[in-house]
Amino acid sequence: MIGMTSYDLQACAGLPSATKQLNDTTQIFIYSGTHPQPSYGGSTLIPVGDIATTIAQFGGGGGTTCTAVIRLDHDRVSDVHYAGDNDELVGTDGICSIITRGCARQPEGTMKSSAGGIFGPVSAFHPPTTPNQSTSATYSSQSGTVVANPDKKSSDPVIVPRTQ
């Protein structure tokens, strides 16, 4: 989805549940999704539900919710982060596929190509590498003039003016 315009993002993922304008060139789109927990009928002969629940709990899966936080810089997707109990039994962020599934099934023309290798650069265990954010997408004019106070024993405020 990296490189995709906001129009194409909304065409394949839908309207965001919330948006936030960070500065003149950067905004955040937030998408939320839930996936129902599988339900297994009771069985006295083979306890399928109990076995599935135990595997999900100990295997790291069983997530049901995901929030996708997508940063757009100059109206193009520059970063995607996931939050929530979004892991599946195999891999991480699997529940988030309910949010990005439309974009993956029918790629938009403005998406960055992620070809490479027999299975591509995408894995169930790690995201593809992405370039660093531009300074206009990560810093505001206000934050550029101040820094965190590095001296833990200082009586000065936590945020101090930047020295040249």
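These are my notebook entries on a predicted model, taken one topic at a time.

**Entry 1. Confidence**

I began with pLDDT. The mean for the protein is 74, and 55% of its residues reach 70 or more. I then went through the elements. Strand β1 (residues 18-21) has the highest mean, 95. Helix α4 (residues 135-138) has the lowest, 60. I left the details of that helix alone. Where pLDDT is low, the predicted coordinates should not be read in detail.

**Entry 2. The sheet**

Next I looked up the strand order. Four strands make an open sheet, in the order β1-β2-β3-β4, with antiparallel pairing. β1 and β4 are the edge strands. Each has a single partner, so one side of each has no neighbour in the sheet. From one strand to the next, the twist averages 20°.

As a reminder to myself: strands of a sheet pair through backbone hydrogen bonds, either parallel or antiparallel.

**Entry 3. Pair by pair**

I walked across the sheet from β1.

- β1 pairs with strand β2 (residues 26-34) over four bridges, in the antiparallel sense. Gln-21 stands opposite Gln-27 in β2. Ala-18 stands opposite Ile-30, also in β2. The two strands form a hairpin, with four residues between them.
- β2 and β3 run antiparallel and are joined by nine bridges. Here Ile-28 has Arg-71 of β3 as its bridge partner.
- β3 (residues 65-73) and β4 (residues 76-83) run antiparallel, joined by seven bridges. Val-69 is partnered by His-81 in β4.

**Entry 4. The β3-β4 turn**

What does the β3-β4 hairpin have between its strands? I found two residues. His-74 lies in this loop, and so does Asp-75.

I checked their backbone angles. His-74 has a positive phi of about 55°, although it is not a glycine. Asp-75 is not a glycine either, and its phi is positive too, near 65°. I noted both for this reason: most residues other than glycine have a negative phi, and most peptide bonds are trans.

I also looked up the accessibility of Asp-75. Its relative value is 28%, so I logged Asp-75 as partly exposed. That class lies between the buried limit of 20% and the exposed limit of 50%.

**Entry 5. After β4**

I followed the chain out of β4. Gly-84 sits in the loop between β4 and α3 (97-105). Is Gly-84 buried or exposed? Its relative accessible area is 51%. Exposed means over 50%, so Gly-84 counts as exposed. I also took one distance. The C-alpha atoms of Gly-84 and Ile-95 are 9.2 Å apart, and the two residues are eleven places apart along the chain.

**Entry 6. Helices on the sheet**

Which strands does helix α1 (residues 6-13) lie across? I found β2, β3 and β4. α1 runs at about 5° to β2. α3 also packs on the sheet and touches β2, β3 and β4. The direction of α3 makes about 110° with that of β2.

**Entry 7. Two sides of α3**

I sorted residues of α3 by exposure. Ile-99, Thr-100 and Cys-103 are buried. They cover an arc of only 55° around the axis, which puts them on the same side of the helix. Ala-104 and Arg-105 are exposed, on the other side of α3. What covers the buried residues of α3? The cover includes α1, β2, β3 and β4.

**Entry 8. The core**

I finished with the largest nonpolar core. It has 16 residues. Which members touch the most others? They are Met-4, Leu-9, Tyr-31, Ile-70 and Val-77. α1, β2, β3 and α3 each supply at least two residues of this core. β3 gives the most, with four.

I picked Leu-9 and listed its contacts, leaving out residues up to four places away in sequence, though Met-4 falls outside that range. Leu-9 touches Met-1, Met-4, Gly-14, Phe-29, Tyr-31, Ile-70, Leu-72, Val-77 and Cys-103. I had already logged Cys-103 among the buried residues of α3. Ile-70, Tyr-31, Val-77 and Met-4 are, like Leu-9, among the members with the most partners in the core.

Key:
Residues are numbered from 1 along each chain as its sequence is written. This is a predicted model: local features need pLDDT of at least 70, side-chain atom pairs count only at pLDDT 80 or more; totals for chains, interfaces and linings use all residues. Side-chain values use heavy atoms; hydrogens and water are left out. Two strands pair if DSSP finds at least two bridges between them. Buried means under 20% relative accessible area, exposed over 50%, partly exposed in between (1.4 Å probe, protein chains only). pLDDT is the predictor's confidence in each residue, from 0 to 100. Axes are lines fitted to C-alpha atoms, for helices over the stretch in contact, and angles run from 0 to 180 degrees between N-to-C directions. Contact means heavy atoms within 4.5 Å. The arc is that of the directions from the helix axis to the C-beta atoms. A nonpolar core is a set of buried Ala, Val, Leu, Ile, Met, Phe, Trp, Tyr and Cys residues joined through side-chain atoms within 4.5 Å.
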